[in-house]
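Good morning, colleagues. Please take a moment to look at the sequence and the model before I begin.

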Amino acid sequence: PVELISYQPNQGAGEAFRRGLAKALEIASDSDAIVTLEADGTSDLDLLPEMLRRLGAGADAVIASCHAKGGRMEDNPLHRKRLGRAATTVLTRLFAMKGLTAISSFYRVYRPQALKRVRARFGDLSREKTFSCVVEVLVRLGRLGARLEEVPMVLKGRERIGKSKMRILRNTLGYMRIIARNVFV
């Protein structure tokens, strides 16, 4: 069954992510998995069985990463590749999220109990309104000692439906807010 959650006006990726995860947590049992996908058609659904297997083996969240060994980006601008790697390097070191090579991918599988722990501790999953909301969820999971894993993914830019709506400056400012909220506490 599919339930459409709509609201007007469009409030961005952060609000869509927040509302979608809130609804998923409302209906999910502890044995379920919550899956988030890229809306642009670039999520490789062939990875889902392995992501679910890792969740079943004890991971709290599994991220599809184009930067993991065996993954790559095709037909994507060089500056996006470099910025993604730079942000991941800074934030994973700052928040001791060892082993992660990508933090901004929306393509993830979550254990409902892990997200419930984040919400119980922080009051919400993320305060961000931009694409950086997914980064804040990982930072918060990491701060709670969650087991975070990755699977390699080939991100095929040519399969993207529409043009990317991610704005680099807004996203960078979002990362800075996340750092301020989580380092200086």
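I shall speak about salt bridges, then about strands, and finally about a patch on the surface.

Please bear in mind throughout that this is a predicted model.

Let me begin with the charged side chains. How many salt bridges does the structure hold? The count is 16, and I shall discuss three of them individually, namely Glu-26 with Lys-23, Arg-140 with Glu-136, and Arg-147 with Glu-149.

In the case of Glu-26 and Lys-23, the closest N and O atoms are 3.1 Å apart. Both residues belong to helix H1, which covers residues 12-27. Because they are three residues apart in that helix, about one helical turn separates them. As to their surroundings, Glu-26 is exposed, with a relative accessibility of 59%, whereas Lys-23 is partly exposed, at 21%. The cut-off for burial is under 20%, so Lys-23, with its 21%, does not count as buried.

I turn now to Arg-140 and Glu-136. Their closest N and O atoms lie 3.4 Å apart. Helix H5, residues 133-143, contains both, and they are four residues apart, about one turn of the helix. Are these two residues buried or exposed? Arg-140 is buried, with a relative accessible area of 4%, and Glu-136 is buried as well, with a value of 0%.

This pair is also part of a network of salt bridges. In that network, Glu-136 and Arg-140 are linked with Asp-124, Glu-128, Arg-177 and Arg-181.

The third pair is Arg-147 with Glu-149, for which the closest N and O atoms are 2.8 Å apart. Here Arg-147 is partly exposed, at 38% relative accessibility, while Glu-149 is buried, at 16%.

Let me move on to the strands, starting with E2, residues 61-65. Why may we call E2 largely enclosed by the rest of the structure? The reason is that five of its five residues are buried. Their side chains can be sorted by direction: Ala-61, Ile-63 and Ser-65 point one way from E2, and Val-62 and Ala-64 point the other way. Residues pointing in either direction are buried.

Which strands pair with E2? One partner is E4, residues 108-110, which pairs with E2 in the antiparallel sense over three bridges. In this pairing, Val-62 stands opposite Val-109. Another partner is E5, residues 148-152, which pairs with E2 in the parallel sense over five bridges. There, Ala-64 stands opposite Val-151, and Ser-65 stands opposite Pro-152.

E5 is itself largely enclosed by the rest of the structure, because four of its five residues are buried. I would add that Glu-149, the buried partner of Arg-147 mentioned earlier, falls within the residue range 148-152 of this strand.

Finally, let us consider the surface. Which residues form a nonpolar patch there? They are Val-35, Leu-37, Leu-45 and Leu-52, and together they have about 320 Å² of accessible area. One of them, Leu-45, is located in the loop between strand E1, residues 34-36, and helix H2, residues 48-56. Leu-45 is exposed, with a relative accessible area of 52%. The cut-off for that class is over 50%, so the value of 52% places Leu-45 among exposed residues.

To close, I would ask you to keep two pictures in mind: strand E2 with its buried residues, and the nonpolar patch on the surface that includes Leu-45.

Key: Residues are numbered from 1 along each chain as its sequence is written. This is a predicted model: local features need pLDDT of at least 70, side-chain atom pairs count only at pLDDT 80 or more; totals for chains, interfaces and linings use all residues. Side-chain values use heavy atoms; hydrogens and water are left out. A salt bridge is a side-chain nitrogen of Lys or Arg within 4 Å of a carboxyl oxygen of Asp or Glu. Buried means under 20% relative accessible area, exposed over 50%, partly exposed in between (1.4 Å probe, protein chains only). Two strands pair if DSSP finds at least two bridges between them. Patches are made of residues with over 30% relative accessible area and no salt bridge: like charges are joined within 9 Å, nonpolar side chains (Val, Leu, Ile, Met, Phe, Trp, Tyr) within 5 Å. Accessible areas come from the Shrake-Rupley method with a 1.4 Å probe; for residues, only the protein chains shown count as cover.
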